[in-house]
Amino acid sequence: MLMLRARSLLSPVFLALVASAAAAGAAELPRVDVQGASGMCRAATAAFAAGARYRPLGLANESESQIFVTCNWQGDDHQDSVRGSKRLYVAITNNSSDAQSYTCTLVNGHQTGASIFATYVPKTVSIEAGAGAEITWVPSEVANAKPSGIDRPSLSCVLPPSSTIQYTGREYNEDVGA
């Protein structure tokens, strides 16, 4: 009987502690969004679009010269947001018979009228013939990233001939409550 009373007294105390701990901080779960480049990337101009082919597994440059491609991720710039990107990446394949260099620039920010509030972070990788690679950015590399991460990300890539942007990825935390 004493054990039963002790248990019945401890249960509300335990539940109150759990409830207060849950209210003190919301739970976050890591999330990853991956999207094919043909769905979120576009040739930067009509002239570049003439050499671009939008395939189910990527955006390919089938021209004889380089093209510029722009991609946009979904962002979250609310002041108290936890959904800023913790890691952004783009996967590129070199379909040519020679090694090639690839340069992509992460642009984080926005433009209001003539005023531009953005940080540009270029990265270049060399990819061997028939191989692929990812180019990755994290908040510590982006000067205007918020504490929650990279909040307004876009991408500009120079795509040499016989190359394909396969997909892009975004890793972030999602507030799922307590």
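How many residues lie between S3 and S4 in the hairpin that they form? The legends below begin with that hairpin.

The model is predicted, so that local features need pLDDT of at least 70 and side-chain atom pairs count only at pLDDT 80 or more, while totals for chains, interfaces and linings use all residues. Residues are numbered from 1 along each chain as its sequence is written, and side-chain values use heavy atoms, with hydrogens and water left out.

**View 1. The hairpin of S3 and S4.** Two residues stand between S3 and S4 in this hairpin. Strands here are DSSP runs (E, at least two residues), numbered from the N terminus, and two strands are taken to pair if DSSP finds at least two bridges between them. Strand S3 (residues 52–55) runs antiparallel to S4 and is joined to it by four bridges, with Ala-60 of S4 as the bridge partner of Arg-53.

**View 2. The two sides of S4.** In a regular strand the side chains alternate between the two faces of the sheet. From strand S4 (residues 58–61), Gly-58 and Ala-60 point one way, whereas Leu-59 and Asn-61 point the other way, and all are buried (under 20% relative accessible area, against over 50% for exposed and in between for partly exposed, with a 1.4 Å probe and protein chains only).

**View 3. Strand S11 and its partners.** S11 pairs with S4 in the antiparallel sense over three bridges; Ile-165 in S11 is the bridge partner of Leu-59, and Thr-164 in S11 stands opposite Ala-60. S1 also runs antiparallel to S11, the two being joined by 10 bridges, and here Val-34 faces Gly-169 of S11. Strand S6 (residues 85–94) pairs with S11 in the antiparallel sense as well, over nine bridges, with Val-90 opposite Thr-168 of S11.

**View 4. The loop before S11.** Ser-162 belongs to the loop between strand S10 (153–159) and strand S11 (163–177). Although Ser-162 is not a glycine, its phi is positive, at about 60 degrees. Ser-162 counts as partly exposed because its relative accessibility is 33%.

**View 5. A nonpolar surface patch.** Val-32, which lies in strand S1 (residues 27–36), forms a nonpolar patch on the surface with Val-34 and Tyr-167, and together they have about 260 Å² of accessible area. Patches are made of residues with over 30% relative accessible area and no salt bridge, nonpolar side chains (Val, Leu, Ile, Met, Phe, Trp, Tyr) being joined within 5 Å and like charges within 9 Å. A salt bridge is a side-chain nitrogen of Lys or Arg within 4 Å of a carboxyl oxygen of Asp or Glu; accessible areas come from the Shrake-Rupley method with a 1.4 Å probe, and for residues only the protein chains shown count as cover.
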